[in-house]
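Got a minute to go through this one together? Let's take the pockets, the charged pairs and a few odd spots as short questions and answers.

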Amino acid sequence: MLGRVSRESSAHAAAAAHEAGWSGVAPGSTVVSAVRDESTELLDLGTIAQALATVAGIDDLAAVVHLGHPEQPSPALEQALLAGDPRLILTAATTVRTRWTWVAPPGVVGGQVVVDEAGMRDCADVLRTMGVSPRLVPTATPVAERAALAGEQGSLVVERPRVPAGWTEVPGSEHLNELAPVWYGLLEARAAWPRFTAPAQVWLAFGPSDDHRGSLRQTLGVLVDAGVDLQHLRSHPSTYGPHVFFTSFGCPDVAVLDGLVAELDARSVAHRTLAVLPGDRFAPGPEGLTPRWVGA
């Protein structure tokens, strides 16, 4: 049985689950899905905190969540996972071609543009480029209610399967077809991280035993000695004193991960493995920067 976060696009999350074959993630499970067709709809699990707690508390339930990117995780997701049940872990990742379109009643051009939270996340840059200032609504808002908010001269940014009857694309909608695919992950509650013999992307959070000059250097040395390919590192203050550090790195097999965490244990470094995502190439990659260095 699969669920999603309330703020997430139902159409995109369901497409990710269907295309990746995640439906029925527990082999031999006798649990009947709470929705009729998981290829078009997933169970609404509430906020991200509620969704994580529900997945941790119900056997045979998993969730489809927006990742950001396997190599560059969403900070909000990293923090939510670390604050959640220690058994929670992401075990797979996949991309979905976005299905966003910009529609209005026939002949309508202009007016306010109504878009939900997931649509704003994926489409904001394109809409701003076209000079659009959208009106944001909760993702759970029914399409009929969005249409009423838009009024007779307004328009919607919505997934193609949910376009109101008789509404048509407006000029500029074609730019939404150029959006990059969106990454989703499968969230499960497991007693241990999956065993893997082929490369995988690992998300690891750790907190040095002391916050002092050089403490990060010592802990990063463990990753260096393990020979992993570190692609993401960020820190966040902790209520317990030492900063929390979030990392994402390519790992050749589970033996390397086992050895790495064993060394962290030996150094009294607290840690959590938040994701083990099979694969060594995650295309498209994170959006790159064009740095302008001082003195360059």
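Q: How do the residues lining the second largest pocket divide into nonpolar, polar and charged?
A: Keep in mind that this is a predicted model. The second largest pocket has a volume of about 390 Å³, and 15 residues line it. β3, α3 and α4 each put at least two residues into that lining. By class, the split is eight nonpolar, three polar and four charged.

Q: Which residues lie nearest the centre of the second largest pocket?
A: The lining of this pocket has 15 residues to pick from. Those nearest the centre are Val-5, Arg-7, Glu-8, His-66 and Arg-121.

Q: Which element gives the largest share of the lining of the largest pocket?
A: The largest pocket holds about 610 Å³ of space. Its lining takes in 20 residues, and Gly-68, Asp-122, Ala-180, Pro-181 and Glu-287 are the closest to the centre. The elements giving two or more residues are α4 (117-129) and β10 (182-189). With six residues, the largest share comes from α4.

Q: How many residues in the lining of the largest pocket are charged?
A: Sort the lining by class and you get 10 nonpolar and six polar residues. The charged ones number four.

Q: What is the distance between the closest N and O atoms of Arg-121 and Glu-8?
A: Side chains of opposite charge can pair when their charged atoms come close. Arg-121 and Glu-8 do form a salt bridge, and it links helix α4 to the loop between β1 and α1, 113 residues apart. Arg-121 is partly exposed at 34% relative accessibility, while Glu-8 is buried at 5%. Their closest N and O atoms are 2.8 Å apart.

Q: Which residue joins Glu-8 and Arg-121 in one salt-bridge network?
A: A search of the whole structure turns up 13 salt bridges. Asp-116 and Arg-146 make one, at 3.1 Å between the closest N and O atoms, and both residues are buried. Where salt bridges share partners, Glu-8 and Arg-121 are joined into one network with Asp-122.

Q: Is Arg-4, the salt-bridge partner of Glu-41, buried or exposed?
A: The side chains of Glu-41 and Arg-4 meet at 3.5 Å, N to O. Glu-41 sits in the loop between α1 (10-20) and β2 (43-44), and Arg-4 is in strand β1, 37 residues apart. Glu-41 is partly exposed, at 30% relative accessible area. Arg-4 has 9% relative accessibility, and buried means under 20%, so Arg-4 counts as buried.

Q: How far away is the nearest side chain of opposite charge to Glu-71?
A: Glu-71 is in the loop between β3 (62-66) and α3 (75-83), where its contacts include Gln-201, His-232 and Phe-282. Glu-71 is buried but has no salt bridge. A salt bridge needs the nitrogen and oxygen within 4 Å. The nearest side chain of opposite charge, Arg-281, is away by 8.3 Å.

Q: Is Thr-94 buried or exposed?
A: You'll find Thr-94 in strand β4 (residues 88-96). Its contacts include Ala-16, Trp-22 and Trp-183. The relative accessible area of Thr-94 is 16%, and the cut-off for buried is under 20%, so Thr-94 is buried.

Q: Is the peptide bond from Ala-283 to Pro-284 cis or trans?
A: Most peptide bonds are trans. Pro-284 is in the segment after β14 (270-278). The bond from Ala-283 to Pro-284 has omega near 0°, and it is cis.

Q: What is the phi of Asp-60?
A: Most residues other than glycine have a negative phi. Asp-60, in the loop between α2 (48-57) and β3, is partly exposed at 30% relative accessibility. The phi of Asp-60 is positive, near 65°.

Q: Where is Ser-268, a residue with a positive phi?
A: Ser-268 is not a glycine, yet its phi is about 60°. Ser-268 is exposed, with 54% relative accessible area. Its place is the loop between α7 and β14.

Note on methods
Residues numbered from 1 in each chain as written. Predicted model: local features only at pLDDT ≥ 70, side-chain atom pairs only at ≥ 80, totals over all residues. Heavy atoms only, no water. Helix = DSSP H or I, 4+ residues; strand = E, 2+ residues; numbered from the N terminus. Buried < 20%, exposed > 50% of the residue type's maximum accessible area, 1.4 Å probe, protein only. Lys, Arg positive; Asp, Glu negative; His and termini not counted. Contact = heavy atoms within 4.5 Å. 1 Å grid on protein atoms, 1.4 Å probe; cavity = no way out; pocket = protein on both sides within 12 Å on 5 of 7 lines; lining within 4 Å. Points joined across faces, edges and corners; volume = space filled by probe spheres on them. Nonpolar A, V, L, I, M, F, W, Y, C, P; charged D, E, K, R; others polar. Lists of a residue's contacts leave out its neighbours within four places in sequence.
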